Amino acid sequence: MISRYAQEFSACGRCGKLELMFMADFITRVRNRLARFRREASGSIAVTYAVGGALLVGLAFAGIDLSRTAVARNQLQDALDSATLAAGGTRSTDATVLNAMGHKYMAAALSGNTTLKNLTSSFTPGTKKVIGLASADVTPVVMGLFTGGDIHITAHAEVVRGQDQIVELALVLD
């Protein structure tokens, strides 16, 4: 094919005609290949599997982060329940005493936890009840690459105190 262009170039003597002929032939070859690509059916499922596979892998990794967050949320709720129950059992209405007792029990319940960061908790006395609030951050493994931040979780618990009797009954409400 090059020899044909060389013969026409030597006969014509102009470089521009050779370039024009080469471009026309190149465009024709590209057009033929695209038409053949559109007609060809074999291997087309590979593209579908590649895109679908990438989406499934992404969803699996997101599921790992969401399950870690759910487990951390349950651990925070369990620790807050026990701390609020302990703070409610003091019979004190002083917020300082309730917070000291609640923080002590929260620290004990979450002593081995390495997932929670920036843990805060507060215990507020109410009318015949103690309200506990806690929040923490969980660092995602995979989603953190896209979101660039931590996932913030919170927990809430209320302990209803019994009447001023000898037997004390406490109820934890989530």
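# Exercises on burial, contacts and salt bridges

With a relative accessibility of 41%, Phe 26 counts as partly exposed. The structure is a predicted model, and the exercises below work through it from the chain as a whole to single residue pairs.

## Exercise 1. The chain as a whole

Determine how many helices and strands the protein chain has, and in what pattern they follow one another.

Solution.
- Step 1. The count gives 5 helices and 4 strands.
- Step 2. Read along the sequence, these elements follow the pattern α-α-α-α-β-β-α-β-β.
- Step 3. Of the 174 residues in the chain, 24% are buried.
- Step 4. The accessible surface comes to about 11800 Å², and carbon and sulfur atoms hold 64% of that area.
- Step 5. Among contacts with a separation of 6 or more, 54% are between residues 24 or more positions apart.

## Exercise 2. A nonpolar surface patch

Establish which residues form a nonpolar patch on the surface together with Phe 26, and classify Phe 26 by its accessibility.

Solution.
- Step 1. Phe 26 is placed in helix α2, which covers residues 15-39.
- Step 2. The relative accessibility of Phe 26 is 41%. Partly exposed applies between 20% and 50%, so Phe 26 belongs to that class.
- Step 3. The patch is formed by Phe 22, Met 23, Phe 26, Ile 27, Val 30 and Leu 34.
- Step 4. Together, these residues have about 530 Å² of accessible area.

## Exercise 3. The largest nonpolar core

Identify the residues with the most contacts inside the largest nonpolar core, and the elements that give two or more residues to this core.

Solution.
- Step 1. The largest nonpolar core has 18 residues.
- Step 2. Those with the most contacts inside this core are Leu 76, Leu 80, Met 106, Leu 110, Leu 116, Phe 123 and Ile 153.
- Step 3. Two or more residues each are given by α3 (44-88), α4 (95-109), β1 (116-126), β2 and β3 (151-160).
- Step 4. The largest share, 6 residues, comes from α3.
- Step 5. Leu 110 may serve as an example: leaving out residues up to four places away in sequence, Leu 110 touches Gln 75, Leu 76, Ala 79, Leu 116 and Leu 119.

## Exercise 4. The surroundings of Ser 135

Decide whether Ser 135 is buried or exposed, and find the side chain with which its own side chain makes a polar contact.

Solution.
- Step 1. Ser 135 lies in strand β2, residues 129-138.
- Step 2. The relative accessibility of Ser 135 is 13%. Because buried means under 20%, Ser 135 counts as buried.
- Step 3. The side chain of Ser 135 makes a polar contact with the side chain of Thr 120, at 2.7 Å.
- Step 4. Beyond its neighbours within four places in sequence, Ser 135 is in contact with Leu 76, Asn 118, Leu 119, Thr 120, His 152, Ile 153 and Thr 154.

## Exercise 5. The backbone of Asn 118

State what sign the phi of Asn 118 has, and classify Asn 118 by its accessibility.

Solution.
- Step 1. Asn 118 is found in strand β1.
- Step 2. Most residues other than glycine have a negative phi.
- Step 3. Asn 118 is not a glycine, yet its phi is positive, about 50 degrees.
- Step 4. The relative accessibility of Asn 118 is 54%. Exposed means over 50%, so Asn 118 counts as exposed.

## Exercise 6. Salt bridges

State how many salt bridges the whole structure holds. For each, give the sequence separation of the partners and their burial.

Solution.
- Step 1. The search of the whole structure finds 3 salt bridges.
- Step 2. The side chains of Asp 25 and Arg 29 meet at 3.2 Å, N to O, in a salt bridge. These two residues are 4 residues apart in helix α2, so about one helical turn separates them. Asp 25 is buried at 15% relative accessibility, while Arg 29 is partly exposed at 40%.
- Step 3. Lys 117 and Asp 150 form a salt bridge through their side chains at 3.1 Å, N to O. This pair links distant parts of the chain, 33 residues apart: Lys 117 is in strand β1, and Asp 150 is in the loop between α5 (143-147) and β3. Lys 117 has a relative accessible area of 34% and is partly exposed; Asp 150, with 36%, is partly exposed.
- Step 4. In a salt bridge between Lys 129 and Glu 158, the side chains meet at 3.6 Å, N to O. Lys 129 lies in strand β2 and Glu 158 in strand β3, so the pair ties together parts 29 residues apart in sequence. Lys 129 is partly exposed at 29%, whereas Glu 158 is buried at 19%.

Definitions and conventions. Residues numbered from 1 in each chain as written. Predicted model: local features only at pLDDT ≥ 70, side-chain atom pairs only at ≥ 80, totals over all residues. Heavy atoms only, no water. Buried < 20%, exposed > 50% of the residue type's maximum accessible area, 1.4 Å probe, protein only. Polar contact = N/O pair within 3.5 Å; in protein donor to acceptor, adjacent residues only side chain to side chain. Contact = heavy atoms within 4.5 Å. Core = buried A, V, L, I, M, F, W, Y, C linked by side-chain atoms within 4.5 Å. Patch = residues over 30% accessible without salt bridge, like charges linked within 9 Å, V, L, I, M, F, W, Y side chains within 5 Å. Areas by Shrake-Rupley, 256 points an atom, 1.4 Å probe, with all protein chains shown as cover. Salt bridge = Lys/Arg side-chain N within 4 Å of Asp/Glu carboxyl O.
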